[in-house]
Amino acid sequence: MEPRGTHIAPVSPRQAPVVRRTRSGWRPTLVLGAIMLGWLLIMMVVSTAAGQSGKLPAGQPVSVAQGVTVRPPSGWSSAAKVWNVGPNGVSMQKGGVIVVFAAGSFTGTSQQLLDDQLGQLKQQFSYFQSLIPDSVTVAGSLAGRRELFNGTQNGASLDGEMVAVSAGGTGVVMLAIAPTGQLSRLQGDLDQMLRSLGIPR
């Protein structure tokens, strides 16, 4: 796969995020909100050093929104104190990696959802580079779209993965972020959570 690179002017932390309402009704900021990635990186490091609390029961369903559930493997904890994503999603952390699952009404394609969400995320980086998106199977048999990326913001270097799937009028997004070099260590866990997704159809 070939990288897709984009240099983007830094966004002021006080600048209000752009909210685009699509005909499908999906609101992009449900997942990303007004997150400041530099601050998130600091909080991830502090959280890891202090030890994680609020461990989630391994293999048990965790509610996301819209009837969507995800089953985290062992060792994952709630990340609500680090990144509170609101009522339409859930955030979890393990070993310096934070993953968010969010759900909302959406009638477009999985690729349209991925493009919309990734477009919002790019605005948060001073430098951003991503790979060409590929297909991934989620929730047992649904075809989702995945894109890996890396970038910098406020001197922080981050790796990330975004996965989007649209089915039965529901859009689901997974966003995983970690300091550079740490995300790949938990790729197996992320894949397991994607397979475990419960999405109403």
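This is a short tour of the model, stop by stop, with something to select at each one.

Before you click, note that this is a predicted model, where local features need pLDDT of at least 70, side-chain atom pairs count only at pLDDT 80 or more, and totals for chains, interfaces and linings use all residues. Residues are numbered from 1 along each chain as its sequence is written, and side-chain values use heavy atoms, with hydrogens and water left out.

**Stop one: β5.** Select residues 89-94, which form strand β5 (strands are DSSP E runs of at least two residues, helices H or I runs of at least four, numbered from the N terminus). Six of its six residues are buried, so β5 is largely enclosed by the rest of the structure; buried means under 20% relative accessible area, exposed over 50% and partly exposed in between, with a 1.4 Å probe and protein chains only. Turn the strand: G89, S91 and Q93 point one way, while V90, M92 and K94 point the other way.

**Stop two: the neighbours.** Add residues 77-78, strand β4, which runs antiparallel to β5 and is joined to it by two bridges (strands pair if DSSP finds at least two bridges between them). Here S78 stands opposite M92. Now add β6, residues 97-105, also antiparallel to β5 and joined to it by six bridges. Look for F101, the bridge partner of V90. Two residues lie between the strands of this β5-β6 hairpin, where G95 takes a positive phi near 55°.

**Stop three: the core.** Show V99, F101, V138 and L197, which have the most contacts inside the largest nonpolar core, a set of 31 residues. Such a core consists of buried Ala, Val, Leu, Ile, Met, Phe, Trp, Tyr and Cys residues joined through side-chain atoms within 4.5 Å. Elements giving two or more residues to this core include β5, β6 and α4 (187-196). For a second, separate core of 19 residues, select V85, L113, F128 and I177, which are among its members.

**Stop four: two loops.** Go to Q66, in the loop between β2 and β3. Q66 is not a glycine, yet has a positive phi of about 55°. Its relative accessibility is 41%, so Q66 counts as partly exposed. Then jump to A139, in the loop between β8 and β9. A139 is no glycine either, and its phi is positive, about 50°. What does A139 count as, buried or exposed? At 8% relative accessibility, A139 counts as buried.
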